[in-house]
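Hi,

Here is the structure I said I would pass on to you. Have a look at it first, and then read on for what turned up.

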Amino acid sequence: MTDEQAAGYGAFGGAPSRAELERYFFLDDADRELIQDKRRDHNRLGFAVQLTSVRFLGRFMPDPRQVPAEVAEYLAEQLDIADASCLKLYGERDGTARTHAGEIQQVEGWQDFAKLEV
């Protein structure tokens with residue numbers, strides 16, 4: 001793997017196509033159930049960004065607020081959030097994004113390779 005490929009691993013190389021949005025960023029009933037208990041729009045949207053981005057990228061983003069605008073808008077529309085720019089408030093409280101990532105890992109069965117024993 002080249003340095004450029006390694007730097008791009010697990011990151012968005014641009015906006016996903018419409019087909020990718022529909023395949024990886026569609027929220028089903030189980031997803032909505034996980035999201036519904038998040039109280040504020042920015043937390044619901046941030047959780048949804050993390051939940052779907054890890055499925056698409058194969059890893060959690062270092063800063064979920066850096067998701068392409070098309071992804072945030074697609075998810076906000078599904079969650080009836082009028083302003084997708086509220087995502088910029090996600091993670092203002094230290095630990096929120098990490099807590100959400102941990103919850104997603106547990107529910108979805110994602111594992112951290114650094115913690116696996118061989």
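In which loop is D80 found? This is a predicted model, by the way, and in it D80 sits in the loop between α5 (69–78) and α6 (96–108). D80 comes after α5 and has a positive phi, near 55°. Why bother with that? Most residues other than glycine have a negative phi. D80 isn't a glycine, yet its phi is positive all the same. D80 is also exposed, with a relative accessible area of 70%.

Now for the inside. The largest nonpolar core has 27 residues, and L45, V67 and L75 are the ones that touch the most other members. Three elements give two or more residues to this core: α3 (29–35), α4 (41–57) and α5. The top contributor is α4, with seven residues.

If you want one residue to click on, try L45. Leaving out residues up to four places away in sequence, L45 touches A72, L75, A76, L79, I81, A84, C86 and L87.

Staying with α5 for a moment: which of its residues are buried? They are V71, A72, Y74, L75, A76 and Q78. Some of these spacings fit a helix nicely, because residues three or four places apart in an α-helix point the same way. Among the elements that cover the buried residues of α5 are α2 (18–24), α3 and α4.

Next, the charged side chains. How many salt bridges are there? The count comes to seven, and K38 is a good place to start looking. K38 meets D37 in a salt bridge, with 2.9 Å from N to O. K38 also forms one with E103, where the closest N and O atoms are 3.2 Å apart. That second pair links distant parts of the chain, since K38 is in the loop between α3 and α4 while E103 is in helix α6, 65 residues apart.

Are these two partners buried or partly exposed? K38 has 9% relative accessibility, so it counts as buried, under the 20% cut-off. E103, at 25%, counts as partly exposed.

Another salt bridge joins R65 and D63, with the closest N and O atoms 3.0 Å apart. R65 is partly exposed at 37%, and D63 is partly exposed at 23%. Finally, D31, R55 and E108 are linked in a network of salt bridges.

Have fun exploring!

Definitions and conventions. Residues are numbered from 1 along each chain as its sequence is written. This is a predicted model: local features need pLDDT of at least 70, side-chain atom pairs count only at pLDDT 80 or more; totals for chains, interfaces and linings use all residues. Side-chain values use heavy atoms; hydrogens and water are left out. Helices (H or I, at least four residues) and strands (E, at least two) are DSSP runs, numbered from the N terminus. Buried means under 20% relative accessible area, exposed over 50%, partly exposed in between (1.4 Å probe, protein chains only). A nonpolar core is a set of buried Ala, Val, Leu, Ile, Met, Phe, Trp, Tyr and Cys residues joined through side-chain atoms within 4.5 Å. Contact means heavy atoms within 4.5 Å. A salt bridge is a side-chain nitrogen of Lys or Arg within 4 Å of a carboxyl oxygen of Asp or Glu.
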